[in-house]
Amino acid sequence: AVFSECNALFKQHHLPPLQAGRFFLAQADLPRKELPASSQHCLLSFALDWLSLASCTGGGEECEFVHLEALERRVWMLSTTQQKHEGSSMPLGGAESSESAMDQLLERNDLVAARAVALADER
């Protein structure tokens, strides 16, 4: 709840996306043993959203797609871990299928990113 409020305040006050993304990423990476996986997932999701925005708006030269892809994988892995602990079953095929699905998702994201760059270049 606290980090959701931070996210809302960052949006309300138009904090630069790179700065907001770094904040959430730093919070997720603090060595806290008591931080539940759901909270870490929330923090990493906020970080991914903000850093993706930074890379799309040109304000995040440091936010290369390689870093975003790694962050996306962390969010994905936390999500599948949460599902497992909450009693949800993993997708058919287990972890191998999850990795394959993640690879397909990343390929689609690369296509979307390439289209966004092409559209931006046309303008």
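Here is a short question-and-answer session on the helices and contacts of this predicted model.

User: Before we start, what should I know about numbering and confidence cut-offs?
Analyst: Residues are numbered from 1 along each chain as its sequence is written, and side-chain values use heavy atoms, with hydrogens and water left out. As the model is predicted, local features need pLDDT of at least 70 and totals for chains, interfaces and linings use all residues, while side-chain atom pairs count only at pLDDT 80 or more.

User: OK, what pattern does the protein follow along the sequence?
Analyst: Helices (H or I, at least four residues) and strands (E, at least two) are taken as DSSP runs, numbered from the N terminus. On that basis the protein has 5 helices and 0 strands. Read along the sequence, that gives α-α-α-α-α.

User: What percentage of the residues count as buried?
Analyst: Buried means under 20% relative accessible area, exposed means over 50%, and partly exposed is in between, using a 1.4 Å probe and protein chains only. The protein has 123 residues, and the buried share is 28%.

User: Among contacts between residues at least 6 apart in sequence, how many percent join residues at least 24 apart?
Analyst: A contact here means heavy atoms within 4.5 Å. Among contacts between residues at least 6 apart in sequence, the share joining residues at least 24 apart is 61%.

User: Are α1 and α3 roughly parallel or roughly antiparallel?
Analyst: Axes are lines fitted to C-alpha atoms, for helices over the stretch in contact, and angles run from 0 to 180 degrees between N-to-C directions. Angles under 35 degrees count as roughly parallel, over 145 as roughly antiparallel, 65 to 115 as roughly perpendicular, and the rest as oblique. Helix α1 (residues 2-12) and helix α3 (residues 37-57) have axes 10 Å apart and pack at about 15°. So α1 and α3 are roughly parallel.

User: Which residues of α3 do the α1 side chains meet, and how does that contact divide by class?
Analyst: From α1, the participants are Phe 3, Ser 4, Asn 7, Phe 10 and Lys 11, and on the α3 side they meet Leu 43, Phe 46 and Trp 50. For the classes, Ala, Val, Leu, Ile, Met, Phe, Trp, Tyr, Cys and Pro count as nonpolar, Asp, Glu, Lys and Arg as charged, and the others, Gly among them, as polar. The contact of α1 with α3 then divides into 5 nonpolar, 2 polar and 1 charged.

User: And how many nonpolar residues does the contact of α1 with α2 have?
Analyst: The axes of α1 and α2 come within 11 Å and cross at roughly 170°, so the two helices are roughly antiparallel. Phe 3, Cys 6, Asn 7 and Phe 10 of α1 make the contact with Ala 20, Phe 23, Phe 24 and Gln 27 of α2. By class there are no charged residues and 2 polar ones, and the nonpolar count is 6.

User: Which handedness does the crossing of α2 and α3 have, left or right?
Analyst: The axes of α2 and α3 are 8 Å apart and the helices pack at about 155°, which makes them roughly antiparallel. A crossing is left-handed if the near helix is turned anticlockwise from the far one by less than a right angle, and right-handed if clockwise. For α2 passing α3, the crossing is left-handed.

User: What is the C-alpha to C-alpha distance between Arg 22 and Trp 50?
Analyst: Arg 22 lies in helix α2 and is partly exposed, with a relative accessible area of 43%. Arg 22 and Trp 50 are 28 residues apart in sequence, and their C-alpha to C-alpha distance is 8.4 Å.

User: Which residue forms a salt bridge with Asp 29?
Analyst: A salt bridge is a side-chain nitrogen of Lys or Arg within 4 Å of a carboxyl oxygen of Asp or Glu, and a search of the whole structure finds 1. The closest N and O atoms are 2.7 Å apart, and the partner of Asp 29 is Arg 74.

User: Why does that pair tie together parts that are far along the chain, and how many residues apart are they?
Analyst: Asp 29 counts as partly exposed at 44% relative accessibility, and Arg 74 counts as partly exposed at 32%. Asp 29 lies in helix α2 (residues 17-29) and Arg 74 in helix α4 (residues 65-85), so the pair ties together parts whose separation in sequence is 45 residues.

User: Which non-glycine residue has a positive phi?
Analyst: The residue lies in the loop between α1 and α2 and counts as exposed at 69% relative accessibility. Its phi is about 55° although it is not a glycine, and the residue is His 14.
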